[in-house]
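Subject: A structure for you to look through

Hi there,

Here is the structure I promised to pass on to you. Have it open while you read, and I will walk you through what I found.

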Amino acid sequence: MHEDQFKHQIMGIEKGAGITAAVDQAIKDYDLNYRQVNSSTVAMITELQNAIKEKRWIVVAAWQPHWMFGKMKLKFLEDSRESLGTAEQIKIFTRKEFPADQPELTRFFSQIHFDVATMSNLLMKMQESKDKEATAKQWVADNRSLVASWLK
């Protein structure tokens, strides 16, 4: 489907990355007449931005959370076979005594949660920022109710 428009290519990132292996697996699982073109994350994003600007068709190996989803209108292709994996989670582990030693941090880490849109927006702001600390402080100020919910 649309192989010619996509030039039978999926723009990938560095060889050895987990997503690179997953894209190779998806090509096999779905018997696609595509090849993955590997380069770097920066090169893939540059190619994506150029294709959008030039209104060219493109498929890229992308993942969330990532700032590119806050900056560009992108959509994931369906993956009914889960060749590209399923949603992952970030988990926090501590030493046994940590909750007693740091109850405020324990409460914070047990309640912090970002939905995909919020995380993508924050990552985009940080990517564009020349002063990361000031950007983070401004983000906290702009999202006081969310941050407060992590501190209850």
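Let's begin with helix α1, where T20, A22, V23, A26 and I27 are buried. Around the helix axis they cover an arc of only 165°, so they sit on the same side of α1. Please keep in mind throughout that this is a predicted model. The buried residues of α1 pack against two strands, β1 (9-11) and β2 (35-37). On the face turned away from the buried side you will find the exposed residues G18 and K28. The helix itself runs over residues 18-29, which makes 12 residues. From its first C-alpha to its last it reaches 16 Å, close to the 16 Å expected at 1.5 Å a residue. Just after α1, have a look at D31, which takes a positive phi of about 50°.

Next, the nonpolar cores. In soluble globular proteins, nonpolar side chains tend to be buried together. Which residues have the most contacts inside the largest nonpolar core? They are M44, I45, V60, W67, M68 and M72, in a core of 13 residues. Helices α2 (41-54) and α3 each supply at least two residues of this core. The largest share comes from α2, with three residues. M68 is a good residue to click on: leaving aside its neighbours within four places in sequence, M68 is in contact with M44, I45, L48, A62 and L74. There is also a second, separate core of seven residues, which includes F6, V23, V59 and A61. You have already met V23 as one of the buried residues of α1.

While you are looking at M68, turn to H66 as well. H66 lies in the loop between α2 and α3. Is H66 buried or exposed? Its relative accessibility is 9%, and because buried means under 20%, H66 counts as buried. A polar atom of the H66 side chain lies 3.0 Å from the backbone nitrogen of M68. Not counting residues up to four places away in sequence, H66 touches I45, S120 and L123.

Now for the charged side chains. Side chains of opposite charge can pair when their charged atoms come close. How many salt bridges does the count come to? The count comes to six, and here are some of them.

Take K71 and E128, which form a salt bridge with their closest N and O atoms 3.5 Å apart. This pair links distant parts of the chain: K71 is in helix α3 (residues 68-71) and E128 is in helix α6 (residues 116-128), 57 residues apart. K71 is partly exposed, at a relative accessible area of 46%. E128 counts as partly exposed too, at 47% relative accessibility.

E133 and K137 also form a salt bridge, and here the closest N and O atoms are 3.1 Å apart. Both residues lie in helix α7 (residues 132-142), four residues apart, which is about one turn of the helix. E133 and K137 are both exposed.

Then there is R56, which forms a salt bridge with E54, the closest N and O atoms being 2.7 Å apart. R56 is partly exposed, with a relative accessible area of 30%. If you look around this pair, you will see that E47, E54 and R56 are linked in a network of salt bridges.

Two more residues are worth a click. S129 lies in the loop between α6 and α7. With a relative accessible area of 14%, S129 is buried. The side chain of S129 makes a polar contact with the side chain of T135, at 2.4 Å.

The other residue is N121, which lies in helix α6. Its relative accessible area is 27%, and because partly exposed covers values between 20% and 50%, N121 counts as partly exposed. How far apart are the C-alpha atoms of N121 and H2? They are separated by 31 Å, with the two residues 119 residues apart along the chain.

Happy exploring, and do write back with any questions!

Best wishes

Conventions: Residues are numbered from 1 along each chain as its sequence is written. This is a predicted model: local features need pLDDT of at least 70, side-chain atom pairs count only at pLDDT 80 or more; totals for chains, interfaces and linings use all residues. Side-chain values use heavy atoms; hydrogens and water are left out. A salt bridge is a side-chain nitrogen of Lys or Arg within 4 Å of a carboxyl oxygen of Asp or Glu. Buried means under 20% relative accessible area, exposed over 50%, partly exposed in between (1.4 Å probe, protein chains only). The expected span of a helix is 1.5 Å times one less than its number of residues. The arc is that of the directions from the helix axis to the C-beta atoms. Contact means heavy atoms within 4.5 Å. A nonpolar core is a set of buried Ala, Val, Leu, Ile, Met, Phe, Trp, Tyr and Cys residues joined through side-chain atoms within 4.5 Å. A polar contact is a pair of N or O atoms within 3.5 Å; within protein, one must be able to donate a hydrogen and the other to accept it, and residues adjacent in sequence count only if both atoms are side-chain atoms.
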